[in-house]
Every structure is written in structure tokens, then in C-alpha cells.
Amino acid sequence: MTQVISRLFESEKLAQGVADRLRFEGVPQRAVRVVTAKAGEGEKDLATRISGYSVAANAAKAYAKHIGSGKAAVVVHATYRPLGAAKLTRNVMDRNNPIDLGDVTEETHVPDKPSRAPSIMDSHPHFLTTRVHNRRIPSGGPVSHGVGPKLLLKHRPRTSAISGGRYMSRFFWPMPLLKKNREARSAIRGGKHMSRMFWPQKLLSTKERRLSVIPGGSLPLSRALGFPAVMTRP
């Protein structure tokens, strides 16, 4: 809910000072409004205009009677920004001696209205665009239009960061740093195994693996000893 807080002040200058102080304290610019009389505007029309700012009808009628004599009203739509905006607004207004109108509803609650902005950034809706009014720079266009060159260029895929496709090693080393060798099965030149350097026999045997280490192929060790390892009782 948005809380609408309004007060009447002795002069337009004082009302403008209150509005400037509220903006300085962090209340958004669009949430603060100073109401003064327009040329040729009657009291009824002024009350209707003030009511359009979500001000209570009795307060709008009371303001319209006094604004024509040089006074001005300040209307604030206090939301969540800044934190405690309603309390802040009351404190700033009360410090500047608002006019006491008696039994007048100067604070009301209205539903929040969905706001639409051209960007998710509320305070700077045109992100990365220029607002400089220059004949050579289109208003609201990308910054690159004013700078001249494009920010993004379409390049063909390159294999080297050096122009011409050369490698950095060619500047200080005539030989290639990377060589394409055939796959080798041994780290020793010639394909020999390390064991051949100190042991003449093979370390790995290619014979068929036996199922038992006991001569004759007996599997359980108990058969070689002559008694069963597992006994069954009645």
C-alpha cells in the first residue's frame, strides 16, 4: 500500500523547500509534488485536480480555498523507498510549520500502482546509452555511435594471436617447441623395458595361469593335509 501524505504551507517558497528536503532525504522525485494555483483555474477545478493526486476529498477542498491566496500544498506518495518514507515525510513536514486545518484527512492509503519503465534500472533506464545533446551524436543512441568505431567486429577464426599466424617461439627459437612424434610403447629409445637394464629374465610371464598353487591341482589346502576343513555335525 502507498501512503499519501499532504500538508499545506504558508508560501510556495516554503513548500518548495520542503519538497527539496524530501528529495534530498531519498524520497523519489516522482513521489513528491508541490501544488500551486494555475492561471484561470477556479477553486472547484483546483480541488478536482488535487483529488486526482489521491488526496482525500475534504483535504482537497480545504487546500483549494487557501492555495488561491498564495499558499501551496505538498503531496507525497510514500512507499517502501526509502525505508520508513512515511515517518520521514511527516518529520520533514512538521519541522516546517504546516497550516493546521483542523479535522481534515491529510493522510490516506491507496493500492500500489504497477510502474512500467523502459528498463529494469529505475534511476537510469537507458543503460549504456548517451544523453548528450550533440548534432553528431543521435540522442539516446548507443555510445559507439558517438565514438566512431564499432564495439563488436566480426573476425575470422585465427590460430595465432600474432598477425600472419606465426608463433611467438619463432622470434627467439628457430626450432619448433612442439613435435609430432609417433606413439611409443616405451620411454626408452628403441622400445626396451627398464627391467632389461638390470634383470635378464622377464618380469611378466605369458604362461597360462594355474588355478591352484598346490601340486596336482588340488584346490582346498585341507585335501593336501588329509582332513576336512569344515565339519558337519548331526
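Which charged end sits over the ring of Tyr 53? In this predicted model, that place is taken by Arg 33, whose charged end lies 4.2 Å from the centre of the ring.

## The chain as a whole

Let's start with the overall layout. The protein chain contains 6 helices and 4 strands, and reading from the N terminus the order of elements is β-α-β-α-α-β-α-β-α-α.

Of the 234 residues in the protein chain, 26% are buried. The chain exposes about 19,500 Å², with carbon and sulfur atoms supplying 56% of that area. If you take the contacts between residues at least 6 apart in sequence, 62% join residues at least 24 apart.

## Strand β1 and its partners

Strand β1 is a good place to look next. It is largely enclosed by the rest of the structure, because 8 of its 8 residues are buried. In a regular strand, side chains alternate between the two faces of the sheet. Here Thr 2, Val 4, Ser 6 and Leu 8 point one way from β1, while Gln 3, Ile 5, Arg 7 and Phe 9 point the other way. Both sets are buried, the polar and charged members included.

β1 has antiparallel pairings with β3 and β4. With β3 it shares 7 bridges, and Leu 8 stands opposite Ala 73 there. With β4, residues 107-110, it shares 4 bridges; in that pairing, Glu 107 is the bridge partner of Ile 5.

## Two nonpolar cores

The largest nonpolar core has 21 residues, and the members touching the most others are Leu 8, Val 35, Ile 50, Val 55, Tyr 63, Ile 67 and Leu 101. At least two core residues come from each of β1 (2-9), α2 (43-51), α3 (57-67) and β3 (72-78). The most generous contributor is α3, with 6 residues. Leu 8 thus appears both in this core and opposite Ala 73 in the β1 pairing with β3.

Apart from this core lies another one, made of 18 residues. Its members include Ala 15, Ala 19, Ala 85 and Ala 86.

## Around Val 35 and Tyr 53

Val 35 deserves a closer look. Leaving aside residues up to four places away in sequence, Val 35 touches Leu 46, Arg 49, Ile 50, Tyr 53, Ile 67, Ala 72, Ala 73 and Val 75. Among these, Ile 50 and Ile 67 are also listed with Val 35 as core members that touch the most others.

Tyr 53, another contact of Val 35, brings us back to the opening: its ring is the one beneath the charged end of Arg 33. As for ring-to-ring pairing, the structure holds 0 aromatic pairs.

Note on methods. Residues numbered from 1 in each chain as written. Predicted model: local features only at pLDDT ≥ 70, side-chain atom pairs only at ≥ 80, totals over all residues. Heavy atoms only, no water. Core = buried A, V, L, I, M, F, W, Y, C linked by side-chain atoms within 4.5 Å. Buried < 20%, exposed > 50% of the residue type's maximum accessible area, 1.4 Å probe, protein only. Contact = heavy atoms within 4.5 Å. Phe/Tyr/Trp six-rings, centres within 6.5 Å; stacked < 30°, edge-to-face > 60°. Lys NZ or Arg CZ within 6 Å of the ring centre and 35° of its normal. Areas by Shrake-Rupley, 256 points an atom, 1.4 Å probe, with all protein chains shown as cover. Pairing = 2+ DSSP bridges.
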